[in-house]
Amino acid sequence: TDRNAKYKRILLKLSGEALMGDQEFGIDPKVLDRMALEIGQLVGIGVQVGMVIGGGNLFRGAALSAAGMERVTGDHMGMLATVMNGLAMRDALERTNIRTRVMSAIPMSGVVEHYDRRTAIRYLTSGDVVIFSAGTGNPFFTTDSAACLRGIEIDADVVIKATKVDGVYNKDPVKHSDAVKYDRLSYDEALDKKLEVMDLTAICLVRDQCMPVRVFNMNKPGALLNLVVGGQEGTLIDQ
Ligand code: UDP
């Protein structure tokens, strides 16, 4: 392991949409390859990497429900979508020679391992990247909540949420040129200001367990490594 890393064990959350690239739907393998290189840099300096990937590039229960489908069925489809994204990410990581495990909250024998906390920690300790798929395994939750839950369970030093912008702003920086970025926010500010950092369930969970969260821009090359070695990137949410 490397003495330079500020965080020894992280939980990295990627949205499903991050895997789409410029497409409208699905997975762009070129985007995955770029992410695999960035994650490989962390593994290279001895950082233990757990990951949660969303499924919004494929299915979202709320959207399917709005279109007429039963919500729970839609959520099950959304969770299965995260397993597909996990398999695609494992493929990209293993092609760059990074040993990777995919675990699923929903048993799926023959495809991926069933989630087991102690086994996951053993894999992380031995240097494997572990992708926690199928969210929490329950409908009406999000993969942000799954990321916070798994981060707390594996005793990660930080939950790192990748977004398309440089951090958390007082308003949408894509729509407002005068939006101001926060370098630091308390959990209560993140809840009160309704900044849409993560859903409220996820924020309550990290607040109750004092798990720090950092939001950063995954499209900025090198930002992930910089963050992990202690550089100022994005927004830190803590006490
Ligand atoms: N989902 C769920 N329970 C979970 C996590 C996810 O039911 O614990 C479903 C839910 O329908 C959600 C979909 O999976 O819309 C995809 O996850 P999410 O929307 O969090 O993905 P992201 O926005 O990060 O791509």
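**Ligand shell, sheet and helix packing**

Three helices, α2 (61–66), α3 (71–95) and α5 (143–153), each contribute at least two residues to the shell around the ligand. The model discussed here is predicted, and the ligand makes a convenient starting point for a walk through it. Of these helices, α3 gives the most to the shell, with six residues. In total, 23 residues surround the ligand, and the closest are G54, G56, G61, G78 and G135. By residue class, the shell holds 14 polar residues, six nonpolar ones and three that are charged.

Turning to the strands, nine of them form an open sheet with mixed pairing. Read across the sheet, their order is β4-β3-β5-β2-β1-β6-β10-β11-β9. The edges are taken by β4 (113–114) and β9 (184–186); each has a single partner strand, so one side of each is left without a neighbour in the sheet. In general, the strands of a sheet pair through backbone hydrogen bonds, in either the parallel or the antiparallel sense. For β9, the pairing with β11 (residues 235–238) is parallel and runs over three bridges. Within this pairing, R184 has L236 of β11 as its bridge partner.

The helices offer two packing arrangements worth a look. In one of them, α3, already met at the ligand, packs against α1 (residues 29–44) at an angle of about 60°, with the two axes 8 Å apart. Because angles from 65 to 115 degrees would count as roughly perpendicular and those under 35 as roughly parallel, α1 and α3 are described as oblique to each other. Their crossing is right-handed. On the α1 side the contact is made by P29, L32, D33, M35, A36 and I39, and on the α3 side by A88, M89, A92 and L93. This contact comprises nine nonpolar residues and one charged residue, with no polar ones.

The other arrangement involves α5, also a contributor to the ligand shell, and helix α7 (residues 200–209). Here the axes again lie 8 Å apart, and the angle is about 20°. Since angles under 35 degrees count as roughly parallel, α5 and α7 are therefore roughly parallel to each other. The crossing of α5 and α7 is left-handed. From α5, the residues D144, S145, C148, L149 and I152 meet T201, A202, L205, V206 and Q209 of α7. Sorted by class, the residues of this contact comprise six nonpolar, three polar and one charged.

Note on methods:
Residues numbered from 1 in each chain as written. Predicted model: local features only at pLDDT ≥ 70, side-chain atom pairs only at ≥ 80, totals over all residues. Near = placed C-beta within 6 Å. Helix = DSSP H or I, 4+ residues; strand = E, 2+ residues; numbered from the N terminus. Nonpolar A, V, L, I, M, F, W, Y, C, P; charged D, E, K, R; others polar. Pairing = 2+ DSSP bridges. Axes fitted to C-alpha atoms, helices over the stretch in contact; angles between N-to-C directions. Parallel < 35°, antiparallel > 145°, perpendicular 65-115°, else oblique. Left-handed = near helix turned anticlockwise from the far one by under 90°. Contact = placed C-beta atoms within 7 Å.
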